[in-house]
Amino acid sequence: MRACLRDKRLGRNFRHVGTEAEFKAEPLDPRRRAFWDVERWSLLFIEPPEHTRIRKLVAAAFTPRAVEAMREPADQLANELLDDCLARGRFDLLYDFAQPYSITLICRLLGVPTDRHRDLLDWSHRHVKMYEFDTSEEQAESATRAAGEFRDYVLGLIEERRSSPRDDMVSALVAARVDGGRLADDEIVSTVVVLLNAGHEATVNTLGNGVRALLQHPGQWQRLVSGEVTVANAVEELIRWDPPLQLFERWVLEDGVEVGGTPIPRGEVVSMLFGSANRDPRVFADPDRLDVARENAADHIGFGGGIHVCIGAPLARIELEASFRALVKRAQGLALIEEPVRVPAFVIRGFEAVEVAVV
Ligand code: HEM
């Protein structure tokens, strides 16, 4: 799988090298225009040279220093949110903790106001339904409306930052010069939307999947409570054991590609199951066992690889460590109130809610 992720003959898109007919792909549905307009310049939808140009700009904002500066706010916010949750006694770890936590931190890094964070979450949840296999007409329609509203919101933000720039990423994207030109508003909209969406969906589900995994394996939870195992190592094992993103696809852009000895012609799609790779017995001993002390847990594929490798991985690690540290320290008696129900989706794996209480 790592070889596929690094192979330049495989791409997330094919439209820069061939037609929809050649690649036997459905044309993009014109009724979903608002959705595809927002996807058009998303890092996840483009390939070099477009990808290289925009990724470079985004990387300039995700410097190790900028991300490291999020450590303290992450710690502080985790504890503040937990204060409220613990005061309430019973809470939904996703709605009451993980969602406001993760959206606030990515907004802070990008310089997006948080007053509309419930709208941002709603737009994002509806938007990402389009990445699933069996998106219904109703979901596609809802995703399209969400994309339109999200776009209008970001366009407003661009206007504001253009007239009064601040020291934030939206202002930096507005002012950026690449190859002598500025980014078009459409490019900025896609970039901000993909960062906001990718910047919380997977982190929130890692928290939900991870807490449920630990509470189902009380011995593993105790190893964290006692300090025998570091939270940092546990985070890697939790991403390995129940990753929030299960499937990524690549188009075969050239002839001559072989995967595991099987030739795959140009125009085909390679589907990569991350959850399966993370349980590969050739890499992980006794792979179905949750072991927070696993030595090579960080060898998981959870953040991908190659040119599309997760640009937010260092931020995600900081956020996850800060939240698990706060939970382990302050909610040692955490317990599930009921078995959480899975969201009926394939690509993005998470729960509808994770109802917990300290007992
Ligand atoms: C546990 C949390 C996270 C996981 C498991 C995760 C996983 C991934 C994976 C697997 C990819 C590669 C997709 C592919 O190869 O097709 C990716 C890409 C990406 N991630 Fe994350 N991610 C997480 C958190 C974040 C955060 C916090 C951000 C914040 C900015 C972020 C932003 C992105 C972006 C912008 C891309 C696209 C990069 C590109 O195409 O060049 N992710 N992520």
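**Reading the ligand site and a strand trio**

C310 lies in the loop between helix 14 (274–277) and helix 15.

Visitor: Why might I care how this structure was obtained, and where does C310 come in?

Guide: This is a predicted model, so side-chain atom pairs count only at pLDDT 80 or more. As for C310, its SG atom is the only protein donor of the iron atom of the ligand, at 2.3 Å.

Visitor: Which residues are closest to the ligand?

Guide: A shell is read by listing the residues around a molecule. Here 28 residues surround the ligand, and the closest are R12, H51, R250, H308 and C310. By class, the shell holds 17 nonpolar, 8 polar and 3 charged residues.

Visitor: How do I read polar contacts, and which atoms lie 2.4 Å apart?

Guide: Look for pairs of N or O atoms within 3.5 Å. A polar side-chain atom of R12 is 2.4 Å from a ligand oxygen atom, and one of H51 is 2.7 Å from a ligand oxygen atom. A198 uses a backbone N or O atom, 3.5 Å from a ligand nitrogen atom.

Visitor: Which elements give two or more residues to the shell?

Guide: They are helix 3 (50–61), helix 10 (185–198), helix 11 (201–216), strand 5 (247–252) and helix 15 (313–330). Helix 11 gives the most, with 3 residues.

Visitor: And strand pairing: what stands opposite V356 in strand 10?

Guide: Follow the bridges from strand to strand. Strand 2 (residues 90–92) runs antiparallel to strand 10 (residues 355–358), joined by 3 bridges, and F91 stands opposite V356. Strand 9 (residues 334–336) also pairs with strand 10 in the antiparallel sense over 3 bridges, with L336 opposite V356.

Methods
Residues numbered from 1 in each chain as written. Predicted model: local features only at pLDDT ≥ 70, side-chain atom pairs only at ≥ 80, totals over all residues. Heavy atoms only, no water. Near = heavy atom within 4 Å. Polar contact = N/O pair within 3.5 Å; in protein donor to acceptor, adjacent residues only side chain to side chain. Helix = DSSP H or I, 4+ residues; strand = E, 2+ residues; numbered from the N terminus. Nonpolar A, V, L, I, M, F, W, Y, C, P; charged D, E, K, R; others polar. Donors = N, O, S within 2.8 Å, 3.2 Å for Na, K, Ca; no water. Pairing = 2+ DSSP bridges.
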